[in-house]
Each structure stands twice: as structure tokens, then as C-alpha cells.
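I have my notebook open and a protein to look through. Come along as I jot down what I looked up.

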Amino acid sequence: MFTNNHIKLEAINSTNEYALSLKETPAFKEGLVVTANYQSGGKGQRGKAWESNANENLLLSVVIEPNINSNKQAVISKIVALSVCDLLKSLGLNPKIKWPNDILVNKQKIAGILIQNKLKGNLISHSVIGIGLNINQLNFEEYLPKATSLQLLLSKEFDIDKIQIQLLQFLSDRIKQFRDGFYQEQEYLSALFLKDKVAAFESAIQKFMGIIKGVSQSGKLLIQLEDDSIAKFNNQEVKFLF
Ligand code: BT5
């Protein structure tokens with residue numbers, strides 16, 4: 001699926017932005033892969049930055065054509081997060097998905113995902129899936145959660161191209177399974193950070209205790225409250241206190 005349309009860049013502001021800039025061209029179609037050795041303006045959610053030393057980590061964007069209703073958009077990020085987990089598990093790690101888009105190992109962030117969708121009416125015609133995976137970088141800024149990398153966790157250097165090929169294989173397998181109707185929700189729930197554990201959260205109005213039960217189709221976090229009701233939160237409406 002991601003084999004014959006690969007643009008490799010030495011340096012760019014953001015691989016997601018670069019892929020999106022191609023949206024009126026024939027190259028912008030399912031299977032497009034854009035990678036860079038360095039991003040001068042790597043993007044996270046809502047104006048946040050994704051920072052990576054040059055040549056040390058995977059900075060990747062791929063285009064898929066989901067053709068699903070935009071109210072089911074969460075399935076895309078679930079599949080992508082699971083494919084990053086597949087890769088990390090294949091290396092012997094125990095990854096968790098911290099809603100909405102962080103991949104953690106030992107409560108430290110090893111990868112981030114940024115999905116930007118192009119809509120045609122109610123349909124998501126194209127998704128640009130950006131993945132930043134820390135591979136060989138040893139020193140990071142003081143982020144919260146703390147950052148980690150494959151080399152920090154496994155004490156050896158990794159070949160970034162090989163990791164990229166493996167990750168894209170896991171991702172295309174997951175996409176194929178989804179299109180074949182294979183249900184991945186249970187796997188997602190078992191990988192979800194803090195699922196079924198009593199934890200502390202903070203919303204705009206208060207701090208509270210609750211239990212994560214899942215993520216809705218539209219991507220809202222479902223938290224069971226002390227009175228057993230389920231509250232739904234959009235990204236940015238709730239913070240984990242851990
Ligand atoms: C993300 O956003 O985690 C999504 C990151 C997606 C990056 C990829 S790289 C290829 C593609 N092209 C792009 O321009 N982006 C995508 P968010 O959840 O908003 O997290 C951003 C926050 O993570 C920052 O505010 C920092 O606190 C932290 N952070 C930044 N760089 C990091 C790193 N290398 N490792 C761990 N944490 C980092």
C-alpha cells in the first residue's frame with residue numbers, strides 16, 4: 001500500500017504540511033509517503049510543536065483515502081495508534097495509547113500522531129497521517145509527559161529506514177483488516193492508558209476522580225464518574241493529572 005510513491009526530503013517545515021500542499025496534484029492519493037530527516041516547524045495538535053534532532057528519528061506522513069463519514073473519524077486514529085503499538089510490541093516493549101494521540105512506554109512519550117483530514121461533504125476523502133517516532137535521540141526538552149526513544153529504552157541504535165518499513169507494514173495490515181470488517185476496538189481498549197483504573201482528571205471547572213471506559217466513534221474520551229454516569233470529553237476539555 002505504501003510502496004511506490006515515496007517523497008524523501010532532507011529538510012522541510014513539516015511533512016504533514018508538505019503532503020497537504022500537494023492536495024491539488026495527482027501525487028496526493030492513497031499510498032503517498034513523505035519523510036524528512038529534519039523538520040523546522042514540526043506540528044503537534046493545535047499549534048503545539050513536534051521537535052526532533054536531525055537524522056535521529058522517524059518523521060513521516062502518509063495519505064490514505066478513508067471514505068468514511070466524518071462522525072466516525074476516531075477509527076482512523078485508533079488504527080494508526082494500534083499500528084505504532086504493533087511496531088513497539090514487535091521490539092519487546094509494552095506500549096500504551098494515551099488519549100487522544102500519544103504513544104507511551106513506561107508513562108513516557110515515544111511517539112505522537114497528527115491526523116489532518118480533507119472532507120468531501122460528510123465524507124473524509126483523504127487523511128494525512130503524521131507520525132513522529134523517537135528512535136535514536138538521547139536528549140529531549142523537559143516535556144510533560146517526559147519523552148523517550150527506542151535507543152533510550154533498548155540501549156542500541158536503530159536503522160530508521162528499517163523501522164519505517166516495518167511501521168508502514170503494520171499500518172497497511174491494520175487498514176486492510178479494518179476494510180475487511182475486522183473489529184479492532186477490543187485491542188484498542190486493552191492498549192488504552194489508564195483504562196478501567198481510578199485516576200485523577202481536571203476539566204475546565206473542577207478536578208475529579210473517574211475511570212476511563214473508552215473513546216467514542218467521534219473521538220470523545222468516555223469517563224465514568226463517581227455517580228456511575230459517563231461523561232464525554234473532547235480533546236482539550238480534560239487533562240490527565242498523573
Ligand atoms: C503530537 O502532538 O504528539 C503529534 C506529533 C506529530 C508529529 C509528526 S512528525 C511527522 C508529521 N509532521 C508534522 O509536522 N507532525 C507530524 P501533541 O499531542 O500536541 O504533542 C505535542 C507536545 O509533545 C509538545 O507540546 C511537547 O510537549 C511534546 N513533544 C514535542 N516533541 C516531542 C518529542 N520528540 N517527543 C516527545 N514529546 C514531544
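**Entry 1: a word before I start.** Helices and strands here are DSSP runs numbered from the N terminus, a helix having at least four residues and a strand at least two. I also remind myself that this is a predicted model.

**Entry 2: a proline in a loop.** With those labels in hand, I looked up Pro100 and found it in the loop between strand S5 (95-98) and strand S6 (102-105). What kind of peptide bond joins Trp99 and Pro100? I read off a cis bond, with omega at about 0°.

**Entry 3: another cis bond.** I then checked Leu144 and Pro145, which are also joined by a cis peptide bond, with omega about -5°. Pro145 sits in the loop that links strand S8 (123-133) to helix H3 (150-154).

**Entry 4: a positive phi.** Lys107 caught my eye, as its phi is positive, about 65°, though it is not a glycine. I located Lys107 in the loop between S6 and strand S7 (108-120). My reminder to self is that most residues other than glycine have a negative phi, and most peptide bonds are trans.

**Entry 5: the domains.** Next I looked at how the chain is divided, and noted domain 1 (6-191) and domain 2 (198-241). The C-alpha centres of domain 1 and domain 2 are 25 Å apart.

**Entry 6: where the domains meet.** How many residues of domain 1 are in contact with domain 2? I wrote down 14, and they meet 15 residues of domain 2. About 1,100 Å² is buried between domain 1 and domain 2, and carbon and sulfur atoms give 61% of that area. On the domain 1 side, Arg46, Ala74 and Trp99 lose the most area to domain 2, and together they make up 52% of what that side buries. So Trp99 turns up in my notes again, having appeared in the cis bond with Pro100.

I searched this interface for salt bridges, and the rule finds zero between domain 1 and domain 2. For polar contacts, the rule finds three residue pairs across the interface. Helix H2 (74-90) and helix H5 (185-191) each supply at least two residues of the domain 1 side that touches domain 2.

**Entry 7: a sheet to finish.** I traced an open sheet of five strands, in the order S12-S11-S10-S9-S13, with antiparallel pairing. Why do S12 (230-233) and S13 (238-240) each have a side without a neighbour in the sheet? They stand at the edges, each with a single partner strand, so one side of each is left free of a neighbour there. From one strand to the next, the twist averages 50°.

I took a look at one pairing too: five bridges join S9 (residues 198-203) to S10 (residues 207-215), and the two run antiparallel. Phe201 stands opposite Phe208 in S10.

Notes. Residues are numbered from 1 along each chain as its sequence is written. This is a predicted model: local features need pLDDT of at least 70, side-chain atom pairs count only at pLDDT 80 or more; totals for chains, interfaces and linings use all residues. Side-chain values use heavy atoms; hydrogens and water are left out. Two strands pair if DSSP finds at least two bridges between them. Axes are lines fitted to C-alpha atoms, for helices over the stretch in contact, and angles run from 0 to 180 degrees between N-to-C directions. Domain bounds come from an automatic or database domain assignment. Contact means heavy atoms within 4.5 Å. Buried area is the accessible area (1.4 Å probe) that two parts lose on being put together, summed over both. A salt bridge is a side-chain nitrogen of Lys or Arg within 4 Å of a carboxyl oxygen of Asp or Glu. A polar contact is a pair of N or O atoms within 3.5 Å; within protein, one must be able to donate a hydrogen and the other to accept it, and residues adjacent in sequence count only if both atoms are side-chain atoms.
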